Amino acid sequence: MPDESRSVLDIEKLGIDFGGLQALDDFNLHIQPGEIVGLIGPNGAGKTTVFNLLTSVYAPTRGGVKLLGMDLKGKKTHEVTQSGIARTFQNIRLFGGLTVLDNVMIALHNSMDYSMFEAVWRLPRYWKEEKEAKAKAMELLDVFDMCPHAYDQAGSLPYGAQRRLEIVRALATNPKVLLLDEPAAGMNPSETAELMENIRKIRDRFGVAVFLIEHDMSLVMGICERILVLNYGLIIAQGTPDEIKNNPTVIEAYLGQQRGE
Amino acid sequence: MNDKKGVSLDKKGLLKQTWFRYVINTALIVAGYALLMLLVNEHVLNKYQANMLIPVGYNIIMAVSLNLACGYLGQLPLGHAGFMSIGAYTAALFTMAVDLPPFLEMGLGLLFGGLMAAVFGFLIGLPALRLKGDYLAIITLGFGEIIRVIILNLDFTGGAFGLKGIEKHTTLTWTYVLVALTIFVIHTLMKSRHGRAILSIREDEIAAESCGISTTYYKTITFTISAFFAGVAGGLYAHYLSILDPGNFGFMKSVEILVMVVLGGLGSMIGSVVAAFGLTLLPELLRGFEQYRMVIYSLLLVVVMIFKPSGLFGKYDFSMGDSLDRLFTWIRGGLKIRKIPAGGDGDGEAKKDA
Amino acid sequence: MTFIYQLINGVQIGAIYALVALGYSMVYGIVKLINFAHGEIIMVGSYAVWYCMAQLGLPWPVACAASIVVCTIMGMTIEKVAYKPLRKSERISLLITAIGISYLLQNVAQLVFTANPRMFNNFIGGDFVVGDRNFSNATLATILVSVALMVGMSLLVSKTKIGKAMRAVSEDQDTAKLMGIDVDRTINITFGIGSALAAVAAVLYCCSYSQITPTMGSMLGLKAFVAAVLGGIGSLPGAMLGGLMIGISESLTKGYIDSQLADAIVFGILIVVLLIKPTGILGRKTSEKV
């Protein structure tokens with residue numbers, strides 16, 4: 001069982017109701033540093049809701065979240081990000097009209113410190129921090145071989161590149177936990193394989209824990225060390241890929257009751 | 001597939017040529033002023049024409065400050081004229097109440113005008129910016145109207161009769177300096193991490209929050225800065241016209257400025273400047289067609305919105321350095337001079353424009 | 001007794017606001033556009049009726065019908081020419097176009113009719129007495145006609161085929177298209193109906209307040225718009241409720257506080273509503289999917 005005292009993310013009894021509908025209930029998870037955890041389940045099970053709760057887009061009705069022991073209760077979304085949780089979105093949310101580089105530079109906002117006054121009068125700190133940030137941005141883009149596209153308009157990138165950019169941008173916020181919402185959506189098998197490589201590469205290089213939502217089973221089974229299965233807002237199974245693959249409750253949730261059983 | 005270059009705040013050549021760029025820009029600003037003074041003193045521009053440049057000036061400041069909240073931040077404030085009126089009245093009441101050397105009086109008046117407008121910008125922004133899109137537009141419209149009605153009903157502002165006898169402190173010099181200052185401040189602010197944060201809110205507010213940017217903070221402070229400059233423009237206006245009529249600062253005025261920003265291109269400072277220039281002078285050029293002026297104006301607005309909603313310049317922002325860059329590259333190409341990369345940076349050749 | 005008088009005045013002007021607010025709400029509900037030009041349609045309707053009666057000497061039923069026709073055609077034309085091309089554009093572009101059309105109409109009217117107010121002959125003669133005050137029958141007519149129209153609109157939207165189409169398009173344009181609804185025609189008709197209501201409001205307004213100017217539509221439109229927002233923009237019963245509330249508040253302010261501040265109070269109400277419940281009293285909350 002995961003060692004709770006060294007977890008990077010502690011989710012306890014998390015739950016939310018929308019009006020009369022219980023969208024999520026009794027969600028418990030302790031993610032270890034550097035762990036890759038997957039969250040799967042049929043559409044509408046509440047997976048993105050979990051992400052939205054973790055990033056304070058919604059406020060939970062029950063339960064709480066702790067990041068490295070720090071309670072995230074009441075924190076706004078940008079504070080959660082500053083604390084160390086970054087995310088990508090199911091429907092890509094890039095800053096389409098800005099360049100690829102600027103998308104990453106925006107995520108590096110909090111790694112810089114200069115005030116508006118220093119910006120306007122171009123004091124030394126402006127130059128120093130901008131230079132460092134740009135170097136860091138390029139370094140991150142290089143991980144995904146995106147440097148040649150640094151000055152392209154983000155909205156004009158091909159779909160796969162946009163997804164990669166979103167991940168780079170999330171990484172730029174220097175997170176301890178990276179939430180990926182359907183990162184392989186719309187990708188063909190070779191792109192998916194490349195993505196799997198990249199996720200491992202990120203985990204190894206930056207030491208982030210990865211918590212991902214996916215429908216693509218090859219990816220989930222391929223890189224996740226642990227998988228949670230959600231259905232109708234409740235965890236119906238938890239375990240290693242092999243355990244989940246053969247779990248009858250899981251199979252039923254996805255395929256419906258088997259004939260003759 | 002859109003192959004336009006995105007708005008970039010960091011070009012490859014920036015760090016290599018920075019000091020050079022600043023020197024060039026400063027030199028041009030000073031040269032512009034010298035040229036202007038020359039034209040006026042040698043009577044190439046007659047007094048009337050020189051005076052026309054003052055409304056151009058404060059309209060540029062109005063348009064550029066609205067563009068900050070509208071084009072860069074992506075909101076739609078419809079009460080900008082309200083901030084102008086607050087600045088105008090504050091500055092005017094100050095200069096009328098004190099008796100100092102003109103330079104000091106005007107300077108302080110403008111400062112107080114701007115600050116007062118900024119205070120109201122902050123107070124209005126706090127509740128208003130919690131709303132999105134249309135609702136923000138409506139509420140700022142409401143606030144603008146309330147300001148107008150309140151000024152109309154206060155005694156010390158002269159009520160419906162307005163304020164008269166304001167000293168005509170506004171000169172071409174004051175105007176030029178303040179226009180240059182406004183453009184400078186907003187320009188440098190936008191080309192910084194703060195400017196990027198502002199743009200990110202326009203592009204996708206939810207994504208901006210998840211990048212760690214406090215959207216509430218940036219929306220409020222941008223709104224406040226925008227109001228500040230509108231207040232300064234108001235101060236210039238008051239000391240140019242010498243009388244203030246609260247009726248001039250209603251929704252119509254806000255719309256006039258909005259037209260300049262939209263026509264110029266939302267998100268383009270040069271667009272706001274050009275449009276403010278043109279639309280301020282247009283009524284003068286159409287002197288003979290006085291009656292048709294407003295019809296042409298509104299028709300123009302509708303036609304531009306239908307056929308080119310992005311306005312004259314779209315989101316393009318003029319950069320002196322970039323234009324010079326291109327000029328030099330072209331010259332180099334013609335003279336076949338090889339470009340020698342400066343040590344260390346390794347950025348290489350400038351990227352070809354789409 | 002003063003309270004009753006103010007109340008009657010308030011209900012009367014409120015009824016007019018309600019009719020105009022209906023137009024705003026219908027249009028917003030279906031295309032999410034604040035049609036700033038709506039107020040100007042009232043102005044056009046007023047001039048139309050005046051022109052027919054004063055300049056052409058036509059009897060009032062014909063003039064009213066003409067006004068309704070003119071406004072309906074105008075509203076539908078504006079939609080087709082100016083708003084339809086921008087349907088897929090940014091919201092801000094649509095908003096600005098609407099503002100542009102509003103100005104265009106105002107200024108053309110100024111050109112054609114000059115800024116001099118035109119006097120309108122109230123054709124609803126007679127008056128009725130409440131307490132010790134006389135109220136024009138126009139007031140009564142305003143209230144009765146408005147109520148009738150509101151009931152009519154509710155029935156139209158809930159019981160007829162076109163009403164169903166309007167509701168479908170306001171929910172989800174693309175799906176409505178897939179269901180075989182002619183979305184363009186539905187939107188166009190909605191504008192037409194809204195404009196027709198504005199025409200009726202114009203006639204009723206003119207009977208009570210006999211001056212017609214090119215700028216009469218703007219404040220009237222703005223206040224009716226506040227009424228629509230107050231009641232919940234997109235909601236028809238909300239528009240009616242909002243109209244009455246604004247009308248009564250304005251009237252009571254004029255009667256008991258200060259007529260100068262009436263405008264400020266109306267906008268004050270707007271701001272309070274937007275801060276407490278932006279979707280209005282009867283409006284529905286829409287949320288963005290993350």
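1. Two residues are in contact if their C-beta atoms, placed from the backbone, lie within 7 Å. With that meaning of contact, 82% of the contacts in chain B between residues at least 6 apart in sequence join residues at least 24 apart, and in chain A the corresponding share is 67%.

2. A word on the source should come early: this is a predicted model, in which local features need pLDDT of at least 70 and side-chain atom pairs count only at pLDDT 80 or more, while totals for chains, interfaces and linings use all residues. Residues are numbered from 1 along each chain as its sequence is written, and chains are lettered from A and ligands numbered from 1 in the order in which they are written.

3. On confidence, pLDDT is the predictor's confidence in each residue, from 0 to 100. Chain A averages a pLDDT of 91, and 95% of its residues score at least 70. Residues 257-261 of chain A should be read with care, for pLDDT stays under 50 there, and the model has one contact beyond four places in sequence for this stretch.

4. Turning to the overall build of chain A, there are ten helices and ten strands (helices are DSSP runs of H or I with at least four residues, strands are runs of E with at least two, and both are numbered from the N terminus). The radius of gyration of chain A, taken over C-alpha atoms, is 19 Å, close to the 18 Å that the globule rule (2.2 Å times the number of residues to the power 0.38) gives for 261 residues, so chain A is as compact as a globular protein of that length. Along the principal axes, the C-alpha atoms of chain A fill a box of roughly 75 × 40 × 35 Å. Of the 261 residues of chain A, 46% count as buried; a residue is buried if 20 or more other C-beta atoms, placed from the backbone, lie within 10 Å of its own, exposed if 12 or fewer, and partly exposed in between.

5. The domain assignment of chain A, whose bounds come from an automatic or database assignment, gives domain 1 (1-84 + 177-261) and domain 2 (95-174). The C-alpha centres of these two domains of chain A lie 27 Å apart, and twelve residues of domain 1 are in contact with ten residues of domain 2. On the side of domain 1 that touches domain 2, the elements giving two or more residues are α2 (77-83), β7 (177-181) and α7 (189-206) of chain A, with the largest share, five residues, coming from α7(A). The residues on this side of domain 1 divide into six nonpolar, four polar and two charged, where Ala, Val, Leu, Ile, Met, Phe, Trp, Tyr, Cys and Pro count as nonpolar, Asp, Glu, Lys and Arg as charged, and the others, Gly among them, as polar.

6. How do the strands of chain A pair? Two strands pair if DSSP finds at least two bridges between them. Strands β1 (residues 9-18) and β2 (residues 21-31) of chain A run antiparallel and are joined by seven bridges, one partnership being that of Leu14(A) with Phe27(A) in β2(A). The hairpin of β1(A) and β2(A) has two residues between the strands, and Gly19(A) takes a positive phi near 65 degrees.

7. Strand β9 (residues 226-231) of chain A is mostly covered, since five of its six residues are buried. Four bridges join β9(A) to strand β3 (residues 36-40) of chain A, and these two run parallel, with Leu39(A) standing opposite Leu228(A) in β9(A). By contrast, β9(A) runs antiparallel to strand β10 (residues 234-239) of chain A, to which five bridges join it, and Val229(A) has Ala237(A) in β10(A) as its bridge partner. β9(A) and β10(A) form a hairpin with two residues between them, and Tyr232(A) in the turn has a positive phi of about 50 degrees.

8. Chain B has 13 helices and zero strands, and buried residues make up 49% of its 354 residues. In the loop between α12 (290-307) and α13 (320-335) of chain B lies Leu312(B), which counts as partly exposed because it has 18 C-beta neighbours inside 10 Å.

9. Finally, 33 residues of chain B are in contact with 34 residues of chain A. On the side of chain B that touches chain A, the elements giving two or more residues are α6 (172-190), α7 (193-203) and α8 (205-210) of chain B, and α7(B) provides the largest share, seven residues.
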